[in-house]
Amino acid sequence: MSAKHEPNAQQIKDEKLYQQMGMTDAEFDLAVKHLGRLPNYTETGLFSALWSEHCSYKSSKPILSKFPTKGPRVLQGPGEGAGIVDIGDNQAAVFKMESHNSPSAIEPFIGAATGAGGVLRDVFSMGARPVALVNSLRFGDLTDKRDRFLFEEAVAGIASYGNGIGIPTIAGEVQFDNCYSKRPLVNAMAVGLLNHEDIQKGVAAGVGNTVMYAGATTGRDGIHGATMSSAELTVDEDAEFPVMQGGDPFLEKLVMDACLELVKSDALIGIQDMGAAGLSSASAEMASSAGYGVEMNLDLVPQREAGMTAYEMMLSESQERMLMVIKKGREQEVVDLFAKYGVEAVAIGKVTDDKMLRLLHKGKIVAEVSADALAEEAPVYHKESREPAYFKAFQSMEQTEPVVSDLSETLKALLARPTIASKEWVYQQFDTHARRNTVVAPGSSAGVIRVNGTNKGLAMTADCNARYVYLDPETGGQIAVAEAARNLIASGAEPIAITDCLNFGKPDNPEVFWQFEKSAEGISEACRKLNAPVISGNVSMSNEVNGVAIYPTPTIGMVGLVHDLSHVTTTEFKQAGDLIYVIGEANLDFGGSELQQMTDGKISGKAPAMDLDVEAARQKSLLTAIQNGLVASATDLSEGGFAVALCEKAFDAEGLGADVTISGSAVTALFSETQSRFLVTVTKENARQFEGMVTDAVKVGVVTEGNQLVIKNAENAVLIDGTVEDYRSAWKGAIQCLLNSED
């Protein structure tokens, strides 16, 4: 919209034009109170973007305050671009997870790509060099043409950006359920490394210091993206959507390298990326966090398009842009530094002492707003919370065992389920070994990266079983944290902290807000019990399509420290003759299970039971055994239960099979999703010492030479007897087969 066509302040009020920007009447009145007058069009845009759910967390702040965020390793908790944890030797791990759900539902390639780009900027703006990407993806049924398109394009977008910038994607998860149809979840996580002295923060401090802009030019793309991401999606072929912001990984690589050189200079005061709400959020947040103000001349902002208004420049979400505060008199050093990388850096303003965000355009003041009002004083809502009727109904259900007539065919069918099936089609598109520090690539319990110059590693994973969270949000929240930790433990790493991406429906729905509230309680309890504080994260609300919400999906991204790379443990069998142990017994836990969904076409009942004391004890004993060199391979038992885990251990172990004996009900022993369980192999020489250390491990079989999987019951009757290849073929090509199908 050109300046001459922008409505005046009185029109904005009288015609309630602020509602089109996502503001309520009460919020507009509060903005008027802050200003002491009616806001003009640009100022209304600033308030609407920075007070959006996506930027202000106005509905979630009261809940997020309950998270444990401190610990002996925590150097930076929530509140900056990313969290930071100490990993010893003056080094630290920096990581953050972000959502890019709404953009990915509209333009999946661009949405997913820019999600990866944005979270990388969060990490390198802290002074850290990114070393790995992780993703957590949710899509609808692949038999649907639109959902297939969303899946294929989102994966391609992530691959394009990560490969282009040269950061390996080494871990993640992909799950499928009809509740995500047309409304995918694309959660991207980045992990970086730095030395303690290189830590940077997003602050605009020091009166007279210079505000500088570096990176891509500003265009009319992504305007009001933060507001769009705070609203539900209406599936309407005739609907108009905002122009999506494209990404350029090659430019981002140059911007990143320049920024990482800049952080070594004492000329730098503060730095922040222009993410959601673009220049508005970066400037207001940097000023507010430092207790200063910022004045910017928008005529100096590098612009991609002619005639851009102040409103458009401030709310653009063009990618690959950074905002910096530089010591006065040192500007040319920064210009020259960025020029060395082929990146433009320009001075656009200065730090002031009046705590105002003041914008000049064409010789006039076009906006003058308190930075604190924008960044810190958004209204905070204590939403109504109400337990859904379905929860009480599910809790009253008796646990039952699904009826299975053919165990072998059921196992094959489970292995072909998209959520369980091989994700090779996904991760073969990623450069998983860029920078040559990848120790464990996708396909194992967690990805592992080498910490340069040391014999240490960082393990990372992303997890959430949203079906469990739907059935019982508190228990499901606990399980999400515990399963992420189990993946790290099974890889030989000590879990040290989490980031999260809390994906839910509309917070105005009391039942949705109850899901959010209870799952946060579960996450908090598990984090405390497992010594993994929350150091960063993101909340994504209003994930609905035409009024129907997704399952509550609080995704957990977790990082662990491998104290010695000799501790790294992978999933697959290692050699014939090794003994197979199960840690933890199987109970009647089928609520929300893959088998229940497959046989009933829906989920119901109670989520699997969770005992955090048992979880913590088993994790501790297994990690100790791994660190003592007693474990040959390890994996946790998750979707599909014991039988699926056993198959997966054989799939990557060429020429090896297994002969195991189970007890109790075959269906429960094979397919139950009881929590806090692991499947491990141990050499005969280490068996006695292992059993003494992991006291609840039960020996169930042996790794065999050849290609056969044999499962017997306690009476020695054969329940399953087939070749590894029989089961691998069901598992390996299932996703690609669905992608090649026609409606």
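Reader: What makes α16 and α26 partners in a contact, and which residues meet there?
Author: Contact means heavy atoms within 4.5 Å, and by that rule S408, L411, K412 and L415 in α16 meet D726, Y727, A730 and W731 in α26. By class, this contact has five nonpolar, one polar and two charged residues, where Ala, Val, Leu, Ile, Met, Phe, Trp, Tyr, Cys and Pro count as nonpolar, Asp, Glu, Lys and Arg as charged, and the others, Gly among them, as polar. This is a predicted model, in which local features need pLDDT of at least 70 and side-chain atom pairs count only at pLDDT 80 or more, while totals for chains, interfaces and linings use all residues. Residues are numbered from 1 along each chain as its sequence is written, and side-chain values use heavy atoms, with hydrogens and water left out.

Reader: At what angle do helix α16 and helix α26 pack, and how far apart are their axes?
Author: Helix α16 (residues 407–415) and helix α26 (residues 724–732) pack at an angle of about 35 degrees, and their axes are 7 Å apart. The axes are lines fitted to C-alpha atoms, for helices over the stretch in contact, and angles run from 0 to 180 degrees between N-to-C directions. The helices themselves are DSSP runs of H or I with at least four residues, strands are runs of E with at least two, and both are numbered from the N terminus.

Reader: Why is S280 called buried or exposed?
Author: Buried means under 20% relative accessible area, exposed over 50%, and partly exposed in between, with a 1.4 Å probe and protein chains only; S280 is at 0% relative accessibility and therefore counts as buried. S280 is placed in helix α11 (residues 278–290), and, leaving aside residues up to four places away in sequence, S280 touches L46, L50, M314 and L315.

Reader: How do you know that β24 is paired with β26, and in which sense do they run?
Author: Two strands pair if DSSP finds at least two bridges between them; strand β24 (residues 656–661) and strand β26 (residues 697–705) pair over five bridges, in the antiparallel sense. A658, for instance, has V703 in β26 as its bridge partner. β24 is also joined by four bridges to strand β27 (residues 708–712), and these two run parallel, with D659 standing opposite V710 in β27.

Reader: What is the strand order of the open sheet with mixed pairing that seven strands form?
Author: The order is β23-β25-β22-β26-β24-β27-β28. The edge strands are β23 (633–636) and β28 (718–723), since each pairs on one side only, and the twist averages 20 degrees from one strand to the next. Within this order, strand β22 (residues 579–583) is joined to strand β25 (residues 678–682) by five bridges, running antiparallel, and L579 stands opposite V682 in β25.

Reader: Which strands make up the open sheet of six, and what makes a strand an edge strand there?
Author: That sheet has the order β14-β15-β16-β21-β17-β18, again with mixed pairing, and β14 (438–440) and β18 (534–540) are its edge strands, each pairing on one side only. Helix α20 (residues 510–529) packs on the sheet, touching β17 (494–503), β18 and β21 (553–562), and the direction of α20 makes about 175 degrees with that of β17.

Reader: What makes D89 and S542 worth singling out by their phi?
Author: Most residues other than glycine have a negative phi. D89 is not a glycine and yet has a positive phi near 60 degrees, while S542, not a glycine either, has a positive phi of about 60 degrees. D89 lies in the loop between β2 (83–88) and β3 (91–99) and, at 61% relative accessibility, counts as exposed. S542 is in the loop between β18 and β19 (544–545) and, at 4% relative accessibility, counts as buried.

Reader: How many cavities are found, and what makes a space a cavity?
Author: On a 1 Å grid over the protein atoms alone, a cavity is a set of points where a 1.4 Å probe fits but cannot get out, and lining residues have an atom within 4 Å of a point. A search of the whole structure finds four cavities of 30 Å³ or more. The largest cavity has a volume of about 80 Å³, a volume being the space filled by probe spheres set on the points, with grid points joined across faces, edges and corners. Its lining includes R138, D177 and E639, and by class the lining has four nonpolar, three polar and five charged residues.

Terms used:
1 Å grid on protein atoms, 1.4 Å probe; cavity = no way out; pocket = protein on both sides within 12 Å on 5 of 7 lines; lining within 4 Å.
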